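Work through these exercises with the model open beside you. Try each task before you read its solution.

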Amino acid sequence: MSEINLPAAAEPVDSIGLKALGVAAAIAVLLAAPFLASEYWINAIIVPFLILSLAGLGLNLLTGYAGQLSLGAGAFMMVGAYATFSLQLRVPDLPLPLALIVAGLIAGAVGLFFGIPSTRIKGFYLIVSTLAAQFFFEWLFLKFPWFYNGNSSATIALSRGLSFFGLDANGPHGRYYLTLGIVALLTLFSFNLIRGQTGRNWMAIRDMDTAAAVIGVPVFRAKLQAFAVSSFILGIAGALWAFAYLGSASVQSFGLTRSYQILFIIIIGGLGTIRGAYFGAAFVSLLPLALDWLFQHVFSGHVDAGLLQNIQKAIFGLLIIWFLIKEPEGLARLLGLRRAQGTRRRLFPS
Amino acid sequence: MATSAGPALEVRNVSLSFKGVKAISELSFQVERREICALIGPNGAGKSSLLNILNGVYIPDSGEIVFEGEHFRRMQALEAARRGIGRGFQNNALFSGMSVLDNVIAGLSRKSRVTLFEEAFRLPRALSQENAFRARALDVLKLFDLEKHAETVVGTLPYGVQKKVEIARAIVAKPRLLLLDEPLAGMNANEKQEIAAVIARLNRELDLTIVLIEHDIGIVLKLAHHVVVLDYGRKLADGPPETIRDNPDVIAAYLGAQHAEAAA
């Protein structure tokens, strides 16, 4: 995109007009989506896609931008969900949006704590630290009934549902707009951060951490900021996953598989890009559906259904491997956007 | 300036070893304010290691550093930057995934005064700082004739251009002491002259004290006010370029007969 040295801000007027038109069209489609899609699509595909995108975005700030490898995405989502549950249960006066923010802050603080080892270790060793978060919180939230208010199934659900300020967001449309609003807002914040000094510090650490320290980047602070911001977003994504998508959740909703899923999303979508999280989330939520549809139409009745399910998983895995070999920089690169050759993202800093 | 008297930098009896192998032994020298001091010596003489001690990448075994009158047993990397020690690396240590402009602005990081919150909401203070940083970085890019590359991803540029970006990044925060590790390496004769001229200008116009490592003796003798010769981690000679050129030890150990003739 930038091989030809275009002057920074000198776009022709009509291209700006086209861009504005495109943005306006996109907003119109997003707002109208619930009326275009069936309830099934909203509940089962679009809402989870948006939430997974948000989670991917959160992890991408930490892993793709700041270069800190984490397998704790599920843990921080879990903290956000359980914190929201606790706040809604025990501080009923706190409206839902504020509860979500406070839950995000709690998740952020937890993320910051588990990020402290990153100032000493990196790569594989950092994975161990974030994995510790994963296992610790799975244990914690099961072990103490206080966290799920002692109910017999050890699950959490909001007794008052998704109502706030007299609005009822429990229906599919309400859940969609609530999720969309939060995702849009947090995407905007992330975008602001990464194009500012914070983002430059993160990328400097990712690209060359010794040099970053020597030229005056506050490496320690910037790494902890990355953990905190990433976990803040993941925490809110977790709360949405639990209450706007699933309705009721348990620790199994945020197990290690979830952490892997979020990591796959950003690897497939593109490390170190905002849009990568969306592409990756679309890939992991739509591909299984497409495979499902294909198999039902081609093989249904001929092959055992359980076997089909397993074959689908195998194909999904193979497709990911094939895709990563073909395009290690993810969908964001494949779709012809951003970054020239020779600057590929590495998952493991050398 | 903190104090106007005394040298800018003093290295006192500094020793460094890697797993028992001595890299630097009992090295002492001074760098006066506003001078260009060149460190020369064969590969493995300990030149780069010394720079790494000066801005806190390596911890010396013994000895101390006196920078602007303050004594340090060891430097911390961030502390060194905060006190105004800028650094260019031997093999470019640029942030390869970022644009030229962002690389240079990253050098202003320690001057940043806005909070994460202000940046997330793009509050006025964040915006005005961002604009000020951009303007400052563009000014520095102009000095190196790099404006046209401002938005290019730095990893895609040729080596010589990257070297310039690195010096730009090192000086953007207005350091008082600039450490350059082979700033001319890998450049052609024209580029070398160009960069040498910029270094001389930075020294003259910004009153910048510069310590540089360079192998091109012809340029070193013209550019530097003061030359320190290292060999096997020891100081072999220390003085103005004219005396270094004629020092028989230096000729024997480093310059070699041909170089001496060429320089004479």
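**Exercise 1. Two domains in chain B**

Which domains does the domain assignment of chain B give? Then describe how the two sides meet.

Solution. Remember that this is a predicted model.

Step 1. Domain 1 of chain B takes in 1-84 + 175-264, and domain 2 covers 94-173, according to the domain assignment.

Step 2. Taken over C-alpha atoms, the centres of the two domains are 27 Å apart.

Step 3. Count the contacts. Twelve residues of domain 1 touch eleven residues of domain 2.

Step 4. Look at the domain 1 side. Helix H2 (77-82), strand S7 (177-181) and helix H7 (189-205) of chain B each give two or more residues to it. H7(B) provides the largest share, four residues.

Step 5. Sort that side by class. It holds nine nonpolar residues, one polar and two charged.

**Exercise 2. Where chain A meets chain B**

Find how many residues of chain A are in contact with chain B, and name the helices that supply them.

Solution.

Step 1. The contact involves 30 residues of chain A and 38 residues of chain B.

Step 2. On the chain A side, helix H6 (172-194), helix H7 (197-207) and helix H8 (209-214) supply at least two residues each.

Step 3. Seven residues come from H7(A), the largest share of that side.

Step 4. The classes are 13 nonpolar, 13 polar and four charged residues.

**Exercise 3. A helix and its cover**

Check the span of helix H4 of chain A, then list its buried residues and what covers them.

Solution.

Step 1. H4(A) runs over residues 96-115, which is 20 residues. From first C-alpha to last, the helix reaches 28 Å, close to the 28 Å expected at 1.5 Å a residue.

Step 2. Its buried residues are A:Leu96, A:Ala99, A:Leu100, A:Ala103, A:Gly104, A:Ile106, A:Ala107, A:Gly108, A:Val110, A:Gly111, A:Phe114 and A:Gly115.

Step 3. Use the helix geometry to read that list. An α-helix has 3.6 residues a turn, so residues three or four places apart point the same way.

Step 4. Find the cover. It includes helix H3 (73-90), helix H5 (124-143), strand S2 (163-164) and helix H9 (219-246) of chain A.

**Exercise 4. Positive phi outside glycine**

Place A:Ala154 and B:Asn13, and decide for each: buried, partly exposed or exposed?

Solution.

Step 1. A:Ala154 has a phi near 55°, a positive value in a residue other than glycine. A:Ala154 lies in the loop between H5 and strand S1 (156-157) of chain A.

Step 2. Count its neighbours. A:Ala154 has 15 C-beta neighbours inside 10 Å, so it counts as partly exposed.

Step 3. B:Asn13 is not a glycine either, yet its phi is positive, about 50°. This residue sits in strand S1 (residues 9-18) of chain B.

Step 4. B:Asn13 has 12 other C-beta atoms within 10 Å and is therefore exposed.

**Exercise 5. Strand pairing in chain B**

Trace the pairing from S1(B) through S4(B) to S5(B).

Solution.

Step 1. S1(B) pairs with strand S4 (residues 62-67) of chain B in the antiparallel sense, over five bridges. One bridge partner to locate is B:Ser62 in S4(B), which partners B:Ser15.

Step 2. S4(B) and strand S5 (residues 70-72) of chain B run antiparallel and are joined by three bridges. B:Phe67 has B:Glu70 in S5(B) as its bridge partner.

Step 3. Finish at the hairpin of S4(B) and S5(B). Two residues lie between the strands, and B:Glu68 takes a positive phi near 50°.

Methods:
Residues numbered from 1 in each chain as written. Chains lettered and ligands numbered in written order. Predicted model: local features only at pLDDT ≥ 70, side-chain atom pairs only at ≥ 80, totals over all residues. Contact = placed C-beta atoms within 7 Å. Nonpolar A, V, L, I, M, F, W, Y, C, P; charged D, E, K, R; others polar. Domains from an automatic or database assignment. Expected span 1.5 Å × (residues − 1). Buried ≥ 20, exposed ≤ 12 C-beta atoms within 10 Å, placed from the backbone. Pairing = 2+ DSSP bridges.
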